[in-house]
Amino acid sequence: MKLKFRKGLKLNIAGAVPAGATPENVPVNHCAIVPDDYPGFMPKVAVKEGDEVACGSAVLFDKSHPDVKLVSPLAGKVKAVVRGDRRKILRVEIEAAGVSVTAPELSAPVDASSARAFLAQSGLLALMRQRPYDIVPNPADKVRDIFVTAIDSAPLAAKEATLGASVFNKEDFEAGVAVLNLISDGKVYVATDETWSYGALKGAEMIEVEGPHPSGNVSVQIAAISPVDKGDVVWTLDAETLARIGRTAKTRRFNADTVVAVVGPEVKKPALLTTLLGAPVEPLVKGRLTDDNRHLRIISGNVLSGVAVDPADGYLHYPYRQITVIAEGDDVDEFMGWASLSPSKMSQSRSFPGHFLHKLFRPDARLNGSRRAMIMSGQYEATLPMDIMPEYLIKAILSHNIEDMEKLGIYEVAPEDFAAAEYVDTSKLPLQQIVRDGLDYLRKELE
């Protein structure tokens, strides 16, 4: 099957990783697990400060489903359990050290029950998501289908980083498909693009996808292949997680290696880096940023849906693919400000000369306007290739109208699907947060 999407958003931003780049290894001596990266996961600490942990040892577990774990990416000691207001767990920091504990050996998945237990205990289930609600899956749910996306269509995404080509191989991908086939009542779909070099995967339904962002988002692919109806549960994951499942199933040991792209207009030499899940940002960007004394924003993720981090104490956030660096923009003295018609300004609006220039831009993090009432302009539809009415869905969420939310397709979407719409939105609404709040509200009311 081949899917071709025409709607979407293409941003020409400077600072992409050169084609054919070879990943550099960046060793790290500590990492962190951030529970907020795992929506639907209600964290409870399984360790205390000073405890020794092996790579793959449980660090946090879900209060609602205690079998679902978040595990340590490295062997060492628990450096700190950082809490915020009302003792909310912000992160668990682990520093590398020689330890006497051994990594837990996982049982090989041989049927649906053991496969579910394997994913939950290994920490791999937490790297997956389910529709509806875009949350960490419940291992007890009946799964209609499982969808894997091997595409990252976001701005400056590197294909090699998405696929983890330097870490995993075809056998790992196929072993992962075999595990998922034990769980899925239907099919395991794998969506790829023209850069996929592994061929067809045994046991998977291969889908070729073409089009601008968000064509790589799994929600868009599900809507085109087999939409989610009320009562359906489907699981989703990316290709690197698929390969990680396969490698872990073969070796019985959790593997935390990952490839991250450091990109953006404020990066001197964009590169691919091999590191660990939850690695600190500081060693990954050290010596790679421009030296023009501009205020910079370091984003764990892409410019549309990533999380801004402080390089002094920031860590890679799920899904761990990319670090993007752009100018903050708060130190810019620009004539006419956001209303400037400078050809160096990147915009989707035809009012700006830059819209017609086929060049690479160096955008900053300024909002370029103020928040205002929603304007029904059709902007959202132009960036979302799904059979839903996004503007009306946003209004239904804001009014907490559950019936309209269901009719308008909330079970099919995730916050990241509205990232492109948020960028072009004249009203400057935080659409991703609105969708996240709507999904959480719906789950609270209906479950």
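The conversation below asks how several labels in this predicted model follow from their values.

Trainee: Why is Y38 called buried, and why is Y318 called partly exposed?

Mentor: Buried means under 20% relative accessible area, and Y38 has a relative accessible area of 5%, so Y38 is buried. Y318 has a relative accessible area of 21%, and because partly exposed covers the values between 20% and 50%, Y318 is partly exposed.

Trainee: What makes Y38 and Y318 an aromatic pair, and why is the pair called tilted?

Mentor: Rings pair if their centres lie within 6.5 Å, and the rings of Y38 and Y318 are 6.0 Å apart, centre to centre, so they pair. The angle between their planes is 50°, and because it is neither under 30 degrees, as stacked requires, nor over 60, as edge-to-face requires, the pair is tilted. This pair links distant parts of the chain, since Y38 lies in the loop between strand 3 and strand 4 and Y318 in the loop between strand 18 and strand 19, 280 residues apart.

Trainee: Why is the pair of Y318 and Y320 called edge-to-face?

Mentor: The ring centres of Y318 and Y320 are 6.0 Å apart and their planes stand at 85°, which is over 60, so the pair counts as edge-to-face. Y320 itself is buried, because its relative accessibility of 7% is under 20%. Y38, Y318 and Y320 form one aromatic cluster, and the structure holds seven aromatic pairs.

Trainee: Which charged end sits over the ring of Y318, and how do you know that its distance qualifies?

Mentor: The charged end is that of R129, 4.2 Å from the centre of the ring, and because the cut-off is within 6 Å, the distance qualifies.

Trainee: Which residues are closest to the centre of the largest cavity, and how do you know that this cavity belongs in the count?

Mentor: The count takes cavities of 30 Å³ or more and comes to four, and the largest cavity, with a volume of about 120 Å³, satisfies that limit. Of the 13 residues that line this cavity, Y38, V71, L127, L277 and Y320 are the closest to its centre. By class, the lining has eleven nonpolar, two polar and no charged residues.

Trainee: Why are strand 2 and strand 18 said to stand at the edges of their sheet?

Mentor: The open sheet of six strands has the order 2-16-15-19-17-18, and strand 2 and strand 18 each have a single partner strand, so one side of each is left without a neighbour in the sheet.

Trainee: What makes strand 17 and strand 19 a pair?

Mentor: Two strands pair if there are at least two bridges between them, and because five bridges join strand 17 to strand 19, which run antiparallel, these strands pair. I299 stands opposite T324 in strand 19.

Definitions and conventions:
Residues numbered from 1 in each chain as written. Predicted model: local features only at pLDDT ≥ 70, side-chain atom pairs only at ≥ 80, totals over all residues. Heavy atoms only, no water. 1 Å grid on protein atoms, 1.4 Å probe; cavity = no way out; pocket = protein on both sides within 12 Å on 5 of 7 lines; lining within 4 Å. Points joined across faces, edges and corners; volume = space filled by probe spheres on them. Nonpolar A, V, L, I, M, F, W, Y, C, P; charged D, E, K, R; others polar. Helix = DSSP H or I, 4+ residues; strand = E, 2+ residues; numbered from the N terminus. Buried < 20%, exposed > 50% of the residue type's maximum accessible area, 1.4 Å probe, protein only. Lys NZ or Arg CZ within 6 Å of the ring centre and 35° of its normal.
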